[in-house]
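Please read the following walk-through alongside the coordinates. It goes from strand pairing to individual side chains and then to the backbone.

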Amino acid sequence: QVQLVESGGALVQPGGSLVLSCAASRSIFSINDMGWYRQAPGKERERIGDITSGGTTTYADSVKGRFIISGDIAKNTVYLQMNSLKPEDTAVYYCNAHELQFGRLNTYWGQGTQVTVSS
């Protein structure tokens, strides 16, 4: 079973920056895209954005202009550059990946990494 591992979560002051990373435990051969989600206490999981195998990125309106997704999908690595962080960005951040295998879409998730924005 593929496992995704996020890292880089930390306590950051408002206005600060942070980079999260994610990598797969083994190669995802037919990878389609990788992306980021987050979940704040008492709230539903929220999509942040993703990057396709072709390098196209998409973002939720809440993070446009502040967050940047990059990586090498073929190598199963993705990063989340977060700038101008706000207290409302506090959440557990999750990486995910999709693959198309034998006509089936498989979804993989990481365990999450905590980001806390506070003074």
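The paragraphs below describe a predicted model.

A convenient place to begin is strand β4, which covers residues 31-39. On one side of the pairing list is strand β9, residues 91-101, which runs antiparallel to β4 and is joined to it by eight bridges. Within this pairing, Arg-38 stands opposite Tyr-93 of β9. Strand β5, residues 46-52, also pairs with β4 in the antiparallel sense, here over six bridges. Two residue pairs locate the register of β4 against β5: Arg-38 has Glu-46 as its bridge partner, and Trp-36 has Gly-49. The strands β4 and β5 form a hairpin with six residues between them, and Gly-42 in that hairpin takes a positive phi near 75°.

From β5 the pairing continues to strand β6, residues 57-59, through three bridges in an antiparallel arrangement. Asp-50 stands opposite Thr-58 of β6. These two strands also make a hairpin, with four residues between them. Gly-55, in the turn of the β5 and β6 hairpin, has a positive phi of about 95°.

Next comes Arg-38, already met as a bridge partner in both pairings of β4. Is this arginine, Arg-38, buried or exposed? Its relative accessibility is 7%, and the cut-off for buried is under 20%, so Arg-38 counts as buried. What do the polar contacts of the Arg-38 side chain join it to? One, of 2.9 Å, reaches the side chain of Asp-89; another, of 3.0 Å, reaches the side chain of Tyr-93. Tyr-93 is thus both the residue opposite Arg-38 in β9 and a side-chain polar partner of Arg-38. Leaving out residues up to four places away in sequence, Arg-38 touches a list of residues that includes Glu-44, Arg-45, Glu-46, Ile-48, Phe-67 and Ala-91. Ser-62, Val-63 and Val-92 are also among the residues that Arg-38 touches.

The aromatic side chains come next. A search of the whole structure finds one aromatic pair. The rings of Tyr-37 and Trp-109 have centres 5.0 Å apart and planes at 65°, so the arrangement is edge-to-face. The pair connects distant parts of the chain, with Tyr-37 in strand β4 and Trp-109 in strand β10 (residues 104-109), 72 residues apart. Trp-109 has 35% relative accessibility and therefore counts as partly exposed. The ring of Trp-109 also has a charge over it: the charged end of Arg-45 sits 4.6 Å from the ring centre. Arg-45 lies over the face of Tyr-94 as well, at 3.8 Å from that ring centre.

A covalent link also involves β9. By the distance rule for sulfur atoms, the count comes to one disulfide. Cys-22 and Cys-95 form this disulfide, with sulfur atoms 2.1 Å apart. The angle about the S-S bond is -80°, and the link of Cys-22 and Cys-95 is left-handed. Cys-22 belongs to strand β3 (residues 18-24) and Cys-95 to strand β9, so the disulfide ties together parts that are 73 residues apart in sequence. Both cysteines, Cys-22 and Cys-95, are buried.

The loops offer some backbone detail. Most residues other than glycine have a negative phi. Which residue, although not a glycine, has a positive phi of about 60°? This is Asn-76, found in the loop between β7 (67-72) and β8. Asn-76 has a relative accessible area of 3% and is therefore buried. Phe-102 is another residue other than glycine with a positive phi, near 55°, and its place is in the loop between β9 and β10. The relative accessibility of Phe-102 is 80%, so Phe-102 counts as exposed.

One more loop residue is Lys-86, found between β8 (77-82) and β9. Lys-86 has a relative accessibility of 35% and so counts as partly exposed. Apart from neighbours within four places in sequence, Lys-86 is in contact with Arg-66 and Val-117. The C-alpha atoms of Lys-86 and Thr-58 are separated by 21 Å, and these residues lie 28 residues apart along the chain. Thr-58 is the β6 residue that Asp-50 stands opposite.

Conventions
Residues numbered from 1 in each chain as written. Predicted model: local features only at pLDDT ≥ 70, side-chain atom pairs only at ≥ 80, totals over all residues. Heavy atoms only, no water. Pairing = 2+ DSSP bridges. Phe/Tyr/Trp six-rings, centres within 6.5 Å; stacked < 30°, edge-to-face > 60°. Buried < 20%, exposed > 50% of the residue type's maximum accessible area, 1.4 Å probe, protein only. Lys NZ or Arg CZ within 6 Å of the ring centre and 35° of its normal. Disulfide = S-S within 2.5 Å. Polar contact = N/O pair within 3.5 Å; in protein donor to acceptor, adjacent residues only side chain to side chain. Contact = heavy atoms within 4.5 Å.
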